[in-house]
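Biologist: Please take a close look at the salt bridges in this model. Where do they sit, and what lies around them?

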Amino acid sequence: MAEQPMVCDIVTPSGMLFSGEAEYVAVPAAEGEIGFLYKCAPFMSTLKRGTVRIKEVMAAEAAQVFAVDGGYVEVDGYKVVVLASHALDVKDVDVAVAQERIATNEKRLAELDADDSRAVFIRQEIEWQQFLVTLIENKSA
């Protein structure tokens, strides 16, 4: 167990998703998954699509899991800050809604001209929703 808890914040463009004390935090850094404990060395990295796992202080249950789609992580040994372009608590993922969004965006994509700049954003949204579906399906398998 860590000497003291560190603070962990997950922030998205729409606001604070999580803020609390953690014994351990793991993130999908560009270099690969990396974990942090209290008083670890300072670290900064971009994030790739994956999951952030947070073991909260004195929590009896397993670590909280958040899906993230890119962003940044900054650690100073006492605080972990995750700035994510998309993030969602895995418990809040609704596979049916994600599949519906995939279908809707695939239709939108098919209606666009080949050189339409919106296609990039629509493809990214499709990939994000597919990641969420895969994450939940693999979790329940």
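**Salt bridges and their surroundings**

Modeller: Arg-53 counts as partly exposed, because its relative accessibility is 28%. Its partner is more open to solvent by class: Glu-33 is exposed, at 53%, and the cut-off for that class is over 50%. Keep in mind that this is a predicted model.

The two side chains form a salt bridge, with the closest N and O atoms 2.6 Å apart. Arg-53 lies in strand S5 and Glu-33 in strand S3 (residues 32-36), so the pair ties together parts that are 20 residues apart in sequence. Side chains of opposite charge can pair when their charged atoms come close. The total is five salt bridges.

Take Asp-9 and Lys-79 next. Their closest N and O atoms are 3.2 Å apart, in another salt bridge. This pair spans 70 residues of sequence, from Asp-9 in strand S1 to Lys-79 in strand S8. Asp-9 is buried, because its relative accessible area is 8%. Lys-79 has 33%, so it is partly exposed.

Asp-9 also leads to the core. Val-80 touches Asp-9, along with Met-6, Val-7, Cys-8, Val-25, Phe-36, Val-73, Glu-74 and Val-75, leaving aside residues up to four places away in sequence. Val-80 is one of the residues with the most contacts inside the largest nonpolar core, as are Val-25, Val-27 and Ile-54; that core has 22 residues. At least two of its residues come from each of S1 (6-12), S2 (15-29), S5 (50-56), S6 (64-68), S7 (71-75) and S8 (79-84). S2 gives the largest share, five residues. Another core lies apart from this one; it has eight residues, among them Ala-67, Val-90, Phe-131 and Leu-135.

Now the domain boundary. Domain 1 covers 6-90 and domain 2 covers 93-140. Their centres, taken over C-alpha atoms, are 24 Å apart. The contact involves 11 residues of domain 1 and 10 of domain 2. About 800 Å² is buried between the domains, with 72% of it on carbon and sulfur atoms. One salt bridge is counted between them.

The side chains of Glu-127 and Arg-49 meet in a salt bridge, 3.8 Å from N to O. Glu-127 is in helix H2 (residues 118-140), and Arg-49 is in the loop between strand S4 (43-47) and S5, 78 residues away in sequence. Both are partly exposed: Glu-127 because its relative accessibility is 40%, and Arg-49 because its relative accessible area is 31%.

Arg-49 has a further partner. A polar contact of 2.8 Å joins its side chain to that of Asp-69. Arg-49, Asp-69 and Glu-127 are linked in a network of salt bridges. Asp-69 sits in the loop between S6 and S7. It is buried, because its relative accessibility is 14%, and the cut-off is under 20%. Beyond four places in sequence, Asp-69 touches Arg-49, Ser-85, His-86 and Trp-128.

Back to the boundary as a whole: one residue pair is in polar contact between the two domains. On the domain 1 side, S5, S6 and strand S9 (87-89) each give two or more residues. S9 supplies the largest share there, three residues.

How values were computed: Residues are numbered from 1 along each chain as its sequence is written. This is a predicted model: local features need pLDDT of at least 70, side-chain atom pairs count only at pLDDT 80 or more; totals for chains, interfaces and linings use all residues. Side-chain values use heavy atoms; hydrogens and water are left out. A nonpolar core is a set of buried Ala, Val, Leu, Ile, Met, Phe, Trp, Tyr and Cys residues joined through side-chain atoms within 4.5 Å. Buried means under 20% relative accessible area, exposed over 50%, partly exposed in between (1.4 Å probe, protein chains only). Helices (H or I, at least four residues) and strands (E, at least two) are DSSP runs, numbered from the N terminus. Contact means heavy atoms within 4.5 Å. Domain bounds come from an automatic or database domain assignment. Buried area is the accessible area (1.4 Å probe) that two parts lose on being put together, summed over both. A salt bridge is a side-chain nitrogen of Lys or Arg within 4 Å of a carboxyl oxygen of Asp or Glu. A polar contact is a pair of N or O atoms within 3.5 Å; within protein, one must be able to donate a hydrogen and the other to accept it, and residues adjacent in sequence count only if both atoms are side-chain atoms.
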